[in-house]
Amino acid sequence: MSRQYQAVHQVSRPTGRAVAENFAFVEGEFPPPAAGTALVENVYLSVDPYMREAMDEGHWELNAPLEGRAIGRVIESRTPELAVGDLVFHRHAWRTHAVLTPSEARLLPAIDGVPLSTHLSLLGGTGLSAYVGLTRVLRLQPGESIFISAAAGGVGSAAGQFARLLGAGRIIGSAGSAAKVAHLTERAGFDAAFDYHDGPVAELLGAAAPEGIDTFLDNVGGDHLEGALEVLRDHGRIAWCGAIAQYSTEPPPAPRNLYNVVHKALRMEGFLVRQHLDAQQELTDFLVPHLRAGRVRADETVVAGFENVVGAFLGMLDGANIGKMLVQVADLG
Ligand SMILES: NC(=O)c1ccc[n+]([C@@H]2O[C@H](COP(=O)([O-])OP(=O)(O)OC[C@H]3O[C@@H](n4cnc5c(N)ncnc54)[C@H](OP(=O)(O)O)[C@@H]3O)[C@@H](O)[C@H]2O)c1
């Protein structure tokens, strides 16, 4: 049994965009697991936008193990709660292996017809963000129109599909390339989509939604929020999920039209998925029948190889992904 591992540490703070030189690969060997722990070989790692914020001062420690969502397989155990072969969700990502206590691991059930990686995409924090954004924050009603920014990404592509299943009316998405726009309208069930590079968001959104929009799930902030504030109808609602437009830059000025919140009697509410983990079972019950019936597609971009984890993270920030960006670091076995 080899206990050798590779890991990625952050070694410097980025100024603006993160670069590969902010990270370093390290190697080591674990001792045999102590009583009450288990050695896990990671299979899938999640790379996420919040990690860019975590790279700034006051968050991740330099030259230390990094956190992140991961799925692994128990390969050696000295605790009765984790058996060799068990598949677990945990937060020791950015490495090939991890030593876990049972309280750090959540056993993943095998769900017939649902691939393992789905536990990090549609059934993971990504899908849960989309689900609570729609059901608990927007409280989307059948027939209501919705605009989703970063629509071809993990949260966005989940939200578009969930909105359809929840009976939404017109579903509009924005994304960063013509290929992503085509993906949204031809495969992901969006009624309309636009490339935000093609002009001011308010104009592009206004053309895609001539009657205005009832609701907005925002993953981008900045120009997208300003554009949506222009096009939202009176009493419209905004669920603010993320602001990827500002994670690598100084915060942009607040939208110049923020007063539209008053003028149009809008409701805007931010949320953090970690405050809604109690919705996980509800999401599973809602989604699994749709996954099995093929009514939902788990859009994922899966990069192979631990040596590519930094590239996958940087690529995701630059829009290299369609759906959830994952890194596969071991075979499924
Ligand atoms: N509130 C919460 O608890 C919570 C939980 C999960 C995620 N989030 C937030 O939700 C958002 C999406 O997360 P995700 O994991 O699903 O990531 P993702 O959308 O899969 O990946 C990020 C995407 O953002 C887009 N992007 C990058 N820079 C942009 C810019 N300046 N303007 C517009 N789009 C830009 C890129 O796509 P394009 O090619 O389209 O530019 C990229 O693919 C993020 O803001 C994240 O922080 C929040």
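A residue counts as near a molecule or strand if one of its heavy atoms lies within 4 Å of it. The model analysed here is predicted: local features need pLDDT of at least 70, side-chain atom pairs count only at pLDDT 80 or more, and totals for chains, interfaces and linings use all residues. Residues are numbered from 1 along each chain as its sequence is written, and side-chain values use heavy atoms, with hydrogens and water left out.

The ligand has 25 residues around it. Val-155, Lys-180, Tyr-196, Val-273 and Asn-321 come nearest. By class, the shell holds 15 nonpolar, nine polar and one charged residue. Here Ala, Val, Leu, Ile, Met, Phe, Trp, Tyr, Cys and Pro count as nonpolar, Asp, Glu, Lys and Arg as charged, and the others, Gly among them, as polar. Helices α3 (154–165) and α9 (309–317) each supply at least two shell residues; helices are DSSP runs (H or I, at least four residues), numbered from the N terminus. Domain 1 (4–121 + 298–328) and domain 2 (125–274) both contribute to the shell, so the ligand lies between them. The domain bounds come from an automatic or database assignment.

Three oxygen contacts stand out. A polar side-chain atom of Tyr-196 lies 2.5 Å from a ligand oxygen atom. For Asn-321, a polar side-chain atom lies 2.6 Å from an oxygen atom of the ligand. Gly-176 uses a backbone N or O atom, 2.8 Å from a ligand oxygen. Taken alone, the ligand exposes 910 Å², and the protein buries 88% of that (Shrake-Rupley method, 1.4 Å probe).

The structure holds one cavity of 30 Å³ or more. A cavity is a set of points, on a 1 Å grid over the protein atoms alone, where a 1.4 Å probe fits but cannot get out; lining residues have an atom within 4 Å of a point. The largest cavity encloses about 50 Å³. Its lining includes Ser-121, Gly-154, Arg-297, Asp-299 and Lys-324. Three nonpolar, four polar and three charged residues make up this lining. Helix α3 gives the largest share, three residues. Domain 1 and domain 2 each provide at least three.

The second largest pocket has a volume of about 170 Å³. A pocket is an open set of points with protein on both sides within 12 Å along at least five of seven lines. Of its 13 lining residues, Gly-222, Asp-223, Glu-226, Gly-227 and Arg-256 are the closest to the pocket centre. The elements giving two or more residues are α5 (201–208) and α6 (222–231). The largest share, five residues, comes from α6. This lining divides into six nonpolar, three polar and four charged residues.

Note on methods. Polar contact = N/O pair within 3.5 Å; in protein donor to acceptor, adjacent residues only side chain to side chain. Points joined across faces, edges and corners; volume = space filled by probe spheres on them.
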